[in-house]
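The exercises below ask you to read a fold step by step, and each task sentence is followed by a worked solution. Please keep the sequence and the structure open beside the text.

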Amino acid sequence: MSVENRKILTPEILIAAYSQGYFPMAEDDEIYWHWPDPRAIIPLDGIKISRSLRQVLKKGIFETTVNKAFKTVMECCAARQNTWISEEFIRSYTKLHERGNAHSIETWRDGELVGGLYGVAIGGAFFGESMFSTATDASKVAFVRLTEVLKNEGFMLLDTQYINPHTESLGAIEIPGALYFSTLQKALLMRCTFE
């Protein structure tokens with residue numbers, strides 16, 4: 001479904017869309033709403049952390065923060081040759097962040113932002129949107145911090161939308177759309193905070 005109305009990405013419409021399993025992507029200044037079936041998720045009890053990543057975490061090479069540079073993380077995620085993150089997305093999700101429903105994890109090395117990710121949280125569901133890395137393993141370190149936050153706060157669902165080799169290496173699986181939707185509805189009834 002294509003929507004050309006540039007005011008479509010209000011916080012209210014985004015929340016309503018995510019609550020029904022839809023998420024937007026931009027292409028050539030048009031907004032397309034996606035609802036993949038099957039759907040990719042990462043079970044929080046099925047996270048894969050490689051031996052090499054465990055060593056990186058143990059060495060403490062990186063520092064991670066939560067919600068310290070949301071807009072910058074989005075801009076870094078968009079800074080690639082082919083991106084679906086338009087300026088409209090950055091403005092709209094920043095408003096969603098200010099409202100308390102969009103969040104970022106940042107990875108720092110020697111005071112420099114070298115990786116991160118962002119997504120949307122509603123109830124006990126977290127919808128991962130994008131990640132970036134300018135240093136080896138920086139985005140994976142952000143992902144580990146994300147899963148720690150979600151587990152600590154009792155989240156039920158980590159939605160990664162589409163599966164790709166990177167998310168699959170972290171534990172992503174595909175489930176039927178009907179199972180995804182029923183799980184989403186249960187997760188939306190939960191009261192979880194993202195801290």
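**Exercise 1. Describe the two hairpins that involve β7, giving for each the number of residues between the strands and the turn residue with a positive phi.**

Step 1. In this predicted model, β6 and β7 make a hairpin in which 2 residues lie between the strands, and aspartate 110 in the turn has a positive phi of about 55°. Helices (H or I, at least four residues) and strands (E, at least two) are DSSP runs, numbered from the N terminus. Residues are numbered from 1 along each chain as its sequence is written, and side-chain values use heavy atoms, with hydrogens and water left out. Because the model is predicted, local features need pLDDT of at least 70 and side-chain atom pairs count only at pLDDT 80 or more, whereas totals for chains, interfaces and linings use all residues.

Step 2. The pairing of β6 with β7 is antiparallel and extends over 8 bridges, where two strands count as paired if DSSP finds at least two bridges between them. Within this pairing, glutamate 106 has glycine 116 in β7 as its bridge partner.

Step 3. β7 and β8 also form a hairpin with 2 residues between them, and here glycine 123 in the turn has a positive phi of about 60°. Strand β7 (residues 112–122) and strand β8 (residues 125–133) run antiparallel and are joined by 8 bridges; leucine 117 stands opposite methionine 131 in β8, and glycine 115 has serine 133 in β8 as its bridge partner.

**Exercise 2. Place these strands in their sheet: what is the strand order, and which strands stand at the edges?**

Step 1. The sheet is open and has 7 strands in the order β5-β6-β7-β8-β9-β4-β10, with mixed pairing. Strands of a sheet pair through backbone hydrogen bonds, either parallel or antiparallel.

Step 2. At the edges stand β5 (63–66) and β10 (173–175), each of which has a single partner strand, so that one side of each is left without a neighbour in the sheet. From one strand to the next, the twist averages 35°; axes are lines fitted to C-alpha atoms, for helices over the stretch in contact, and angles run from 0 to 180 degrees between N-to-C directions.

Step 3. Helix α7 (residues 177–188) lies across β4, β7, β8, β9 and β10, and runs at about 135° to β9, contact meaning heavy atoms within 4.5 Å. For β7, 10 of its 11 residues are buried, so this strand is largely enclosed by the rest of the structure. Buried means under 20% relative accessible area, exposed over 50%, and partly exposed in between (1.4 Å probe, protein chains only).

**Exercise 3. How many salt bridges does the structure hold, and which residues does each of them join?**

Step 1. There are 3 salt bridges in the structure, a salt bridge being a side-chain nitrogen of Lys or Arg within 4 Å of a carboxyl oxygen of Asp or Glu.

Step 2. Arginine 39 pairs with aspartate 159, their closest N and O atoms being 2.9 Å apart. Since arginine 39 lies in strand β4 (residues 39–41) and aspartate 159 in strand β9 (residues 157–161), the pair ties together parts that are 120 residues apart in sequence. Arginine 39 is buried at a relative accessible area of 1%, and aspartate 159 is buried at 0%.

Step 3. Glutamate 12 pairs with arginine 99, with 3.3 Å between the closest N and O atoms. This pair links distant parts of the chain, 87 residues apart, as glutamate 12 is in helix α1 (residues 11–19) and arginine 99 is in the loop between α4 (87–98) and β6 (102–109). Arginine 99, at 43% relative accessibility, counts as partly exposed.

Step 4. Arginine 91 pairs with glutamate 88 at 3.0 Å between the closest N and O atoms; the two are 3 residues apart in helix α4 and are therefore separated by about one helical turn. Arginine 91 is partly exposed at 44% relative accessibility, whereas glutamate 88 is buried at 11%.

**Exercise 4. Is proline 36 buried or exposed, and which residues does it contact beyond its neighbours in sequence?**

Step 1. Proline 36 lies in the loop between β3 (30–34) and β4, and at 7% relative accessibility it counts as buried.

Step 2. Leaving aside neighbours within four places in sequence, proline 36 is in contact with Phe23, Gln161 and Tyr162.
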